[in-house]
Amino acid sequence: MTVVLKLGGSVITDKDRPETLDGDALERAAAAVASVDSDTDLVVVHGGGSFGHHNASEHGVSTTEGTHDASAALAIHGAMTTLNGFVLQRLLERDVNAVPVHPFSVAHRDRDGRLSLPTGQIRTLLAEGFVPVLHGDLVAHEGAGATVVSGDELVADLATDLEADRVGLCSTVPGVLDDAERVIDRIATYEDVASVLGESESTDVTGGMAAKVRALLALEASASIFGLADLDAFLAGGEPGTTVE
Ligand SMILES: Nc1ncnc2c1ncn2[C@@H]1O[C@H](COP(=O)(O)OP(=O)(O)OP(=O)(O)O)[C@@H](O)[C@H]1O
Ligand SMILES: C=C(C)CCOP(=O)(O)O
């Protein structure tokens with residue numbers, strides 16, 4: 001069983017305060033990840049939250065607007081590796097065999113923005129009993145310098161390439177909400193939800209919920225979007241929150 005799990009940056013950080021961790025939430029997420037049985041091949045991806053988005057926004061960098069300035073690139077990538085260090089540390093404290101995989105070092109986009117993410121190292125790490133931990137990052141982008149890649153995009157690529165059985169996005173909301181703030185149970189087409197989908201309420205250069213749903217609709221496997229309270233339920237095999245088919 002292969003599971004790809006994204007821990008939303010908005011969950012594990014305080015998204016409104018630059019470079020501030022939500023230690024309690026990260027602790028809860030780490031405890032949930034530690035409960036996954038060792039037969040499961042688990043890949044964790046985390047987003048940026050208040051690490052990465054603020055830096056990217058300050059430098060005018062997004063998934064389509066790039067930079068050729070190495071110090072800007074280092075500021076954005078550095079914020080993400082700092083957060084990655086905190087995530088790894090919390091996972092290791094819970095005896096999760098977590099190791100980092102930094103997309104900036106391995107992935108790239110072509111001129112049309114199409115992402116290539118090699119997965120040989122991830123497959124090998126999984127086979128050797130590790131839990132690879134990737135994160136939203138910068139990637140080399142032909143003709144644009146370096147642009148942002150969101151954790152959601154990485155999840156979609158990984159899920160396809162690794163033929164994941166289950167895909168989960170743990171966010172700060174309990175699922176995709178309708179205009180009465182109720183969790184929508186299932187989404188089959190973008191048109192079903194286009195009118196209620198918005199961007200993130202905080203600084204977010206990668207498109208918030210709308211981009212998430214688009215990325216998940218493109219997948220073969222069905223995927224769940226849920227809140228931290230439902231992370232245990234998802235990892236235990238349930239389908240909490242919103243299922244994107
Ligand atoms: N219809 C909707 N239902 C739920 N959330 C929505 C909706 N429309 C917009 N949003 C926004 O999308 C946000 C979730 O997307 P966001 O990208 O911030 O989450 P994340 O993946 O957890 O964080 P990050 O991108 O930092 O990793 C919610 O906090 C909310 O502000
Ligand atoms: C802003 C950067 C560098 C990464 C964003 O990743 P996301 O939070 O998954 O959208």
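Colleague: Which residues does Gly8 touch, not counting those up to four places away in sequence?
Modeller: With residues up to four places away in sequence left out, Gly8 touches Gly47 and Cys170, where contact means heavy atoms within 4.5 Å. This is a predicted model, in which local features need pLDDT of at least 70 and side-chain atom pairs count only at pLDDT 80 or more, whereas totals for chains, interfaces and linings use all residues. Side-chain values use heavy atoms, with hydrogens and water left out; residues are numbered from 1 along each chain as its sequence is written, and chains are lettered from A and ligands numbered from 1 in the order in which they are written.

Colleague: And where does Gly8 lie?
Modeller: Gly8 lies in the loop between strand S1 (2-7) and helix H1 (9-12); helices (H or I, at least four residues) and strands (E, at least two) are DSSP runs, numbered from the N terminus. Gly8 has a relative accessible area of 6% and is therefore buried, a word that stands for under 20% relative accessible area, with exposed over 50% and partly exposed in between, for a 1.4 Å probe and protein chains only.

Colleague: What about Gly9, buried or exposed?
Modeller: Gly9 counts as buried because its relative accessibility is 5%. Gly9 lies in helix H1 and, apart from residues up to four places away in sequence, touches Gly47, Gly48 and Gly49.

Colleague: At which residues does UniProt place the feature "binding site"?
Modeller: The unreviewed UniProt entry places a "binding site" feature at Lys6, Leu7, Gly8, Gly9, Ser10, Gly49, Gly208 and Lys212. These are spread over 207 residues of sequence, yet they cluster in space, with a largest C-alpha distance of 14.4 Å. UniProt positions are given in the numbering used here, feature names are shortened, and annotations may be inferred rather than shown by experiment.

Colleague: Which other residues does that annotation cover?
Modeller: In the same unreviewed record, "binding site" also covers Gly48, His53 and Gly151. They too cluster in space, the largest C-alpha distance being 11.9 Å although they are spread over 104 residues of sequence. His53 is found in helix H3 (residues 53-58) and, with a relative accessible area of 8%, is buried. Gly151 lies in helix H7 (residues 151-161), counts as buried at 3% relative accessibility, and is in contact with Lys6, Val45 and Gly136 once its neighbours within four places in sequence are set aside.

Colleague: Back to Gly208 and Lys212: how many of the 10 residues of helix H9 are buried?
Modeller: In helix H9 (residues 208-217) 7 of the 10 residues are buried, so the helix is largely enclosed by the rest of the structure. Gly208 and Lys212 are among them, as are Met209, Ala210, Val213, Ala215 and Leu216.

Colleague: Changing topic, how many aromatic pairs are there in the whole structure?
Modeller: A search of the whole structure finds 2, where rings of Phe, Tyr and Trp (its six-membered ring) pair if their centres lie within 6.5 Å, and planes under 30 degrees apart count as stacked, over 60 as edge-to-face and the rest as tilted. Phe51 and Phe86 are edge-to-face, at 6.3 Å centre to centre and 70° between the planes. That pair links distant parts of the chain, 35 residues apart, with Phe51 in the loop between S2 and H3 and Phe86 in helix H4 (residues 70-93). Phe51 is buried, with a relative accessible area of 2%, whereas Phe86 counts as partly exposed at 33%. Phe226 and Phe234 are stacked, at 5.0 Å centre to centre and 25° between the planes. Phe226 counts as buried at 0% relative accessibility, and Phe234 is buried at 1%.

Colleague: Last one: where is Val36 found, and what does it touch?
Modeller: Val36 is found in the loop between H2 and S2, and at 18% relative accessibility it counts as buried. Leaving out residues up to four places away in sequence, Val36 touches Leu42 and Leu235. Val36 and Thr2 are 34 residues apart in sequence and 11 Å apart in space, C-alpha to C-alpha.
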